[in-house]
Each structure stands twice: as structure tokens, then as C-alpha cells.
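Trainee: Could you take me through one part of this protein in close detail? I'd like to hear about the empty spaces, pockets first.

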Amino acid sequence: MKTKTNKFIKNICKTAAVMGIGLVMAVSAMQTTFASADTFAGGIISRNAPQRRGAIGLTITGQLPRAATGNRDLDEMLNNRFTAQFNAFVDEHMGRAATITFAKDVIVSDDFVSVIIDMAAISATTTNARATTVINTETMEIINISDYNLNALPLINGNLHNLISASPRLFVTNFTAIDNYHPFYFDGDLLVIPFASGEFSLADRGIFTKTFTRTNIRNEIVESDLFTVLGEEQYGTIMVRIAPVADLFGFEYTWDADVHAHTLTKGDFVVMLAVGENTHGLELAPMIINGSVHVPLSFFREVLGIVTTVLSDDEILMTMYQ
């Protein structure tokens, strides 16, 4: 059984691109190469925010990024993106008197360069937002959340769901989840998800951020020797061998003879399951296959909070935030 480490799993992302999973914006290979992400970041320079024709009543000031890295295709893509982010914020405030300010920041984290545009409109109601662009300087690609990690989006939304459940008045009433195009950026060891002031209900109308420590995003590949696909009469359910897979994520798996139940323990978290008893409301109950206890793949998502993606007939990617 092979195990792959967490952090940025490059091989998985390459596999995903072949399978059509994720939305990578690829650029053609150019003659320009960069010794490091820092070198590339040096090509993201500043330009003054332009006055836009027709923006009556708006005073526009500040600095926007401009890409001048020497990679013509990527520079054109980046500059079009920066201009679109600028225009979208200006358009949002058309028809009202406001002072709009822009400020740029560039952060280097490993092979990633995050370009951040902080945007504020000061009027009767102050609006703050953050537009971001993340470039993988190893592949020269603009990436989104799922390009970084196939399971990152459901993992983040699961965490946000728990946050909303604990503080239901934090976000506006129609907020449910973020999509793959939501802003994000890397700041050192953190994956940062910013929310504009109109997306949440705090009295402070600044920018709310939710952060994840990247080293706590644990990825494991479960190979076909640890799971079985049942027939159509059993819904084609993928049944996973519970003991070795739970062990990958730090769960202790034991047989409790006193209550005839199998127990998963991790700190204060305890889950019990019994063969033939569907106590967790899944599509099938745990069962013995080839002498080992197996549970439906959905058990990991619904009970243990582990996000799963079937990569192929032979591999399943599992991700847990520790």
C-alpha cells in the first residue's frame, strides 16, 4: 500500500488534469524561466488606478498590480484579470458618490505567488472586498481552490457549515457555501479565504477571513487493495476496509467484546459501529468482506469528516483537516 503525504500533492493534480477534474487555466510554454517564486513576484509591479470614463461621482485612487514578468501569454492573462477585478468593483458602485481606493500586495509561499487587491469604497455605506489571483510558478498556471487540492473546496465548506451552525448570524441569511472561484490566497503556511463586507453580518464592515493551516490538510491515497465495489443489487457501493484506512488518519481501531462493537477513537472523539447494524443511516451497514470489516465510503465523509474523491478504479483520495 502506498501512502502519499499532505501539502501540495502535485502528482494528484496532474492526474486530475488528465481526468478532466479541476479547472486549470494553462498557458503555453514560453522562453522565460524563473529561478524562484521570488523572482517571478518581482515582475508583479504597481500602476496607478485609472480614472474610468463614465464613473461620475466616483473618486478613484491607489495602486493596482501589473504583470511584467516577461512571459507574454501569462502577463496578458494576469493583466486582463486585474483589469476585470478593478472594473467589477467600480461597476458595483456606479451611480453613487464614493471614494474608491485600491492597494496591492504580493505574497510568496513556496511555489505560489498570491496577488491581492484590497478594495474599499467609502460612501454612506463603506464596502470592503479582496480580489485575489494565485499563480503556481512551477507550472506557470493561474489556479483555483480545487487545483491546489481536489478536496479543498468541500473541506472548506464543511468547516464553514460548522461555523455557521455555531454562529448562524455571522453570515448574511442567503449564504450557504463558497464556489471554486471564490477568492483565496496563501500567506506563509496559511490558506486564507476572504469574505467581502457584504457577505457577512458583523458590525465591523471590514474583511472577514477564514484561515486553514496547510500542514494540517492531510491527504492519503487509498488503493484498490483496501476497497471493494459491490454489485448493482447493492447500489454499486464502495466498501472500504475500516481498520487500516482509519489508522492513516490517526484513529485507533479496537474491538470491544463487552458490547460486541468496533470502536474508533481519536482524542475525545469516539465512534462505535457493529457489523450488520446500520446505526449511522448510510446506504449499507458495515459488513465482513474477505475476513475484514468494511464500511461504505460515505462513512468517512458523514461520520469521520474525511472528504473523499474517487480518482480512478484503483485510487481514492481522502482528505482530512486535523
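Mentor: Here is a walk through the pockets, then the cavity, then how far to trust the picture. Keep in mind throughout that this is a predicted model.

Let's start with the largest pocket, which comes out at about 480 Å³. Its lining is made of 30 residues, and if you want to find the middle of it on screen, go to Gln85, Ala131, Thr132, Tyr181 and Pro183, which lie nearest the centre. Four elements each put two or more residues into that lining: helix 3 (72–92), strand 5 (127–136), strand 6 (141–143) and strand 8 (190–195). Strand 5 is the top contributor here, giving eight residues. As for the chemistry of the wall, you're looking at 17 nonpolar residues, along with eight polar and five charged ones.

Now swing over to the second largest pocket, with a volume of about 280 Å³. This one has 13 lining residues, and Leu155, Gly158, Asn159, Asn162 and Gly305 sit closest to its centre. Two elements supply two or more residues each, namely helix 5 (152–166) and strand 19 (315–321). Helix 5 gives the most, with six residues. By class, the wall of this second pocket splits into seven nonpolar, five polar and one charged.

What about enclosed space? With a cut-off of 30 Å³ or more, the count is one cavity, and it holds about 40 Å³. To find this cavity, look at the stretch of lining residues Glu277, Asn278, Thr279, His280, Leu282, Leu284 and Pro286, joined by Val295, Pro296 and Phe299. Six of the cavity's lining residues are nonpolar, three are polar and one is charged.

Last, a word on confidence. The protein averages a pLDDT of 86, and 88% of the residues score at least 70. Strand 7 (residues 185–187) has the highest confidence, at a mean of 98, while helix 1 (residues 10–19) has the lowest, at 38. Residues 1–31 as a stretch have a pLDDT below 50, yet they still make 64 contacts in the model beyond near neighbours in sequence. When you go back to the pockets, remember that totals for linings use all residues, whatever their pLDDT.

Terms used
Residues are numbered from 1 along each chain as its sequence is written. This is a predicted model: local features need pLDDT of at least 70, side-chain atom pairs count only at pLDDT 80 or more; totals for chains, interfaces and linings use all residues. Side-chain values use heavy atoms; hydrogens and water are left out. On a 1 Å grid over the protein atoms alone, a cavity is a set of points where a 1.4 Å probe fits but cannot get out, and a pocket is an open set with protein on both sides within 12 Å along at least five of seven lines; lining residues have an atom within 4 Å of a point. Grid points are joined across faces, edges and corners, and a volume is the space filled by probe spheres set on the points. Ala, Val, Leu, Ile, Met, Phe, Trp, Tyr, Cys and Pro count as nonpolar, Asp, Glu, Lys and Arg as charged, and the others, Gly among them, as polar. pLDDT is the predictor's confidence in each residue, from 0 to 100. Contact means heavy atoms within 4.5 Å.
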